[in-house]
Amino acid sequence: MQPTRTPELIYVVEDEPAIARLIADTLEKFGYRTELFRTAEAFFNGLRQQVPELVILDLGLPDMDGMAVLQQLRGKHSCGLLIVTGRSDVYDRVMGLELGADDYVVKPFEPRELIARARSILRRYPGVVAPAADPTLRVAEFAGWRFEPGSNTLTSPGGQQDTLSTAEAQLLSVLLAHPNHILTREQLLGGRDVSALDRSIDLRISRLRRRFEENPQHARLIKTVYGAGYLLAATVTWS
Ligand code: CA
């Protein structure tokens, strides 16, 4: 049985409205969800809220040099990265790949080429997503709870502090990075083959759930989406 998939989220960072629209329309036609950002600043703000599965990044942005954007992302982003450049300069492409981009397209490009490259990157990134991309963000608040990934500290709405195990903290971090988004078992496990591990993710979820839910059988925060996976039903604020 093919599990139901939440469409992958793709951030399109492009300051030229016509090109941004073309990219977004093409992606949406193929069933992807998109969000558009016209500046590097808006994009970094977006990343703090949610980490997408793929970023399509124009290297010529008005507020920041493309290479500087890549340098900031380097080592922090756990999503795919496709660069779009108007420069046909070999140096830019090589630099972009060196700085962590997965692939590139050169303007003007065919929508079909963009889709093919985006798909191929997404296949390599099964949507695993680490916590907030910005390491200066230390605390996640959700539904009255606070979680500090740096120390695995979970504080209840009543002020009781607990230290989570590394496994629990990892799982919670992935859920917090994608609030209100169905995550498959595969995504929650970090893209490994899940056939043998199905049980272990369910056990970890139920362990985590026991911390939050008065009645784990009727979970309201970490919901089971039958045939698909799990979903964190909360608004998450990182600070
Ligand atoms: Ca541009």
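Which side chains along strand β7 are buried, and which are not? Let's start there, and keep in mind that this is a predicted model.

Strand β7 covers residues 145-148. Trp145 and Phe147 point to one face, and both are buried. Arg146 and Glu148 point to the other face, and those two are not buried. If that back-and-forth looks familiar, here's the background: in a regular strand the side chains alternate between the two faces of the sheet.

Okay, so who are the neighbours of β7? On one side there's strand β6, residues 140-142, which pairs with β7 in the antiparallel sense over 3 bridges. If you want a spot to look at, find alanine 140, whose bridge partner in β7 is phenylalanine 147. The two strands make a hairpin with 2 residues between them, and alanine 143 there takes a positive phi near 50°.

Now the other side. Strand β8, residues 153-155, also pairs with β7 in the antiparallel sense, over 3 bridges. Phenylalanine 147 turns up again here, with leucine 154 as its bridge partner in β8. β7 and β8 form a hairpin too, with 4 residues between them. In that turn, asparagine 152 has a positive phi of about 60°.

Let's zoom out to the whole sheet. It's an open sheet of 5 strands, in the order β9-β8-β7-β6-β12, with antiparallel pairing. At the edges you'll find β9 (161-163) and β12 (236-238); each has a single partner strand, so one side of each is left without a neighbour in the sheet. From one strand to the next, the twist averages 20°.

For the β12 edge, the partner is β6: the two run antiparallel and are joined by 3 bridges. Have a look at phenylalanine 142, which stands opposite valine 236 in β12. There's a helix to add to this picture as well. Helix α6, residues 166-177, packs on the sheet and touches β6, β7, β8 and β12. Its direction makes about 115° with that of β7.

Last stop, the calcium ion. Which protein residues act as its donors? They are Asp15 and Asp58 through OD, Glu16 through OE, and Gly60 through O, lying 2.2 to 3.2 Å from the ion. Along the chain, the donors follow the spacing D-E-x41-D-x1-G. And is glutamate 16 buried, exposed or in between? Its relative accessible area is 37%, and since buried means under 20% and exposed means over 50%, glutamate 16 counts as partly exposed.

Definitions and conventions. Residues are numbered from 1 along each chain as its sequence is written. This is a predicted model: local features need pLDDT of at least 70, side-chain atom pairs count only at pLDDT 80 or more; totals for chains, interfaces and linings use all residues. Side-chain values use heavy atoms; hydrogens and water are left out. Donors are N, O and S atoms within 2.8 Å of the metal (3.2 Å for Na, K and Ca); water is not among the atoms, so sites may look incomplete. Buried means under 20% relative accessible area, exposed over 50%, partly exposed in between (1.4 Å probe, protein chains only). Two strands pair if DSSP finds at least two bridges between them. Axes are lines fitted to C-alpha atoms, for helices over the stretch in contact, and angles run from 0 to 180 degrees between N-to-C directions. Contact means heavy atoms within 4.5 Å.
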